[in-house]
Amino acid sequence: MAGSRRALRFVLLLPAILGALLPPAAAGPPKVSLALYYESLCPYCSRFIVTRLAGIFDSGLIHAVDLLLVPYGNAHVHGANNTISCQHGPDECLLNNVEACAIDAWPDLNVHFGFINCVEDLVMNRKREEWESCFQKQGLDPKPVMECYNSDQGHKLSLKYGKQTDALVPPHKYVPWVVVDGQPLYEDYENFEAYVCKAYKGHPPKICQGLGRDYPIVQQVVEAGNGVTYNSGDFELDEGGDDKIKMVQGDDN
């Protein structure tokens, strides 16, 4: 009887023993980091999200990337109360906040991207005031997002994304600002798939085959002066020391 128990115990322990003796299973190739720094009412941002970035879910490229969305853009923090002002006004601050809360409420990328894509589609079609309809369209409970953006939590999230944006090296010059594998793509951001395919070490998704072998070359942009050029379409003083007025080119308001 004792021998039977020992035999049974050995059989039960056998998988653990074999697991310890066998080499660990090879991990899959690391995903390529893909980060989008944007603001909710920037027309170029909404167009990029809806017409280009959303395509990675259908093409299979999503399996090769670790996507990060940072809704802040060209906003600024002011004063001891950390008041945030946004490039396109209070409505943009509200939607930046809402989208930050969505990311926090639903960490699953498929869920929060679906909601943000819905909101940005409304922005692109000049229906931004209907953004709350995206809860129903996506089958989501509005409560966690509504509670978040109506409380200090939403503001704290926006401040966090502001610090993350301001910490970019090199600093962002406009939005959308796309970074692949730590490298900003500058004005070539619409070709982000090619950069991802080039950086990915695993078996490339089918979309990579159609991009060919001639990958785009990241533009080397030399920034004059010490200031960040914001994509606001406003006039500002050049910081080069001669007080010249320069035009800051960028998205339309």
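Visitor: What makes leucine 34 a residue worth asking about in strand pairing, and which residue of β5 stands opposite leucine 34?

Guide: In this predicted model, leucine 34 stands opposite valine 180 in β5. Strand β1, residues 32-38, and strand β5, residues 177-180, run antiparallel and are joined by 4 bridges. Two strands pair if there are at least two bridges between them, so the 4 bridges are enough to call β1 and β5 paired.

Visitor: How do you know that β1 pairs with β2, and in which sense do they pair?

Guide: Between β1 and strand β2, residues 65-71, there are 7 bridges, and the sense is parallel. Since at least two bridges are required, the 7 bridges meet the condition, and therefore this is a pair as well. Within it, tyrosine 37 stands opposite valine 70 in β2.

Visitor: Why is the link of cysteine 86 and cysteine 93 called a disulfide?

Guide: The sulfur atoms of cysteine 86 and cysteine 93 are 2.1 Å apart, and the limit is within 2.5 Å, so the pair counts as a disulfide.

Visitor: What is the handedness of the disulfide of cysteine 86 and cysteine 93, and how do you know?

Guide: The torsion about the S-S bond of these two cysteines is about 110°, so the disulfide is right-handed.

Visitor: Are cysteine 86 and cysteine 93 buried or exposed, and why?

Guide: Buried means under 20% relative accessible area. Cysteine 86 has 15%, so cysteine 86 is buried, and cysteine 93 has 18%, so cysteine 93 is buried too.

Visitor: What parts of the chain does the disulfide of cysteine 118 and cysteine 134 tie together?

Guide: A disulfide joins cysteine 118 to cysteine 134, with an S to S distance of 2.1 Å. Cysteine 118 lies in helix α5, residues 109-124, and cysteine 134 in helix α6, residues 133-137, so the pair ties together parts that are 16 residues apart in sequence. The torsion about the S-S bond is about -85°, so this disulfide is left-handed.

Visitor: Why do cysteine 101 and cysteine 148 count as buried?

Guide: The cut-off is under 20%; cysteine 101 has a relative accessibility of 1%, and so counts as buried, while cysteine 148, at 6%, also counts as buried. These two cysteines form a disulfide with their sulfur atoms 2.1 Å apart.

Visitor: How many disulfides does a search of the whole structure find, and what pattern do they follow?

Guide: The search finds 4 disulfides, and with bonded cysteines counted along the chain their pattern is 1-2, 3-6, 4-5, 7-8.

Technical notes:
Residues are numbered from 1 along each chain as its sequence is written. This is a predicted model: local features need pLDDT of at least 70, side-chain atom pairs count only at pLDDT 80 or more; totals for chains, interfaces and linings use all residues. Side-chain values use heavy atoms; hydrogens and water are left out. Buried means under 20% relative accessible area, exposed over 50%, partly exposed in between (1.4 Å probe, protein chains only).
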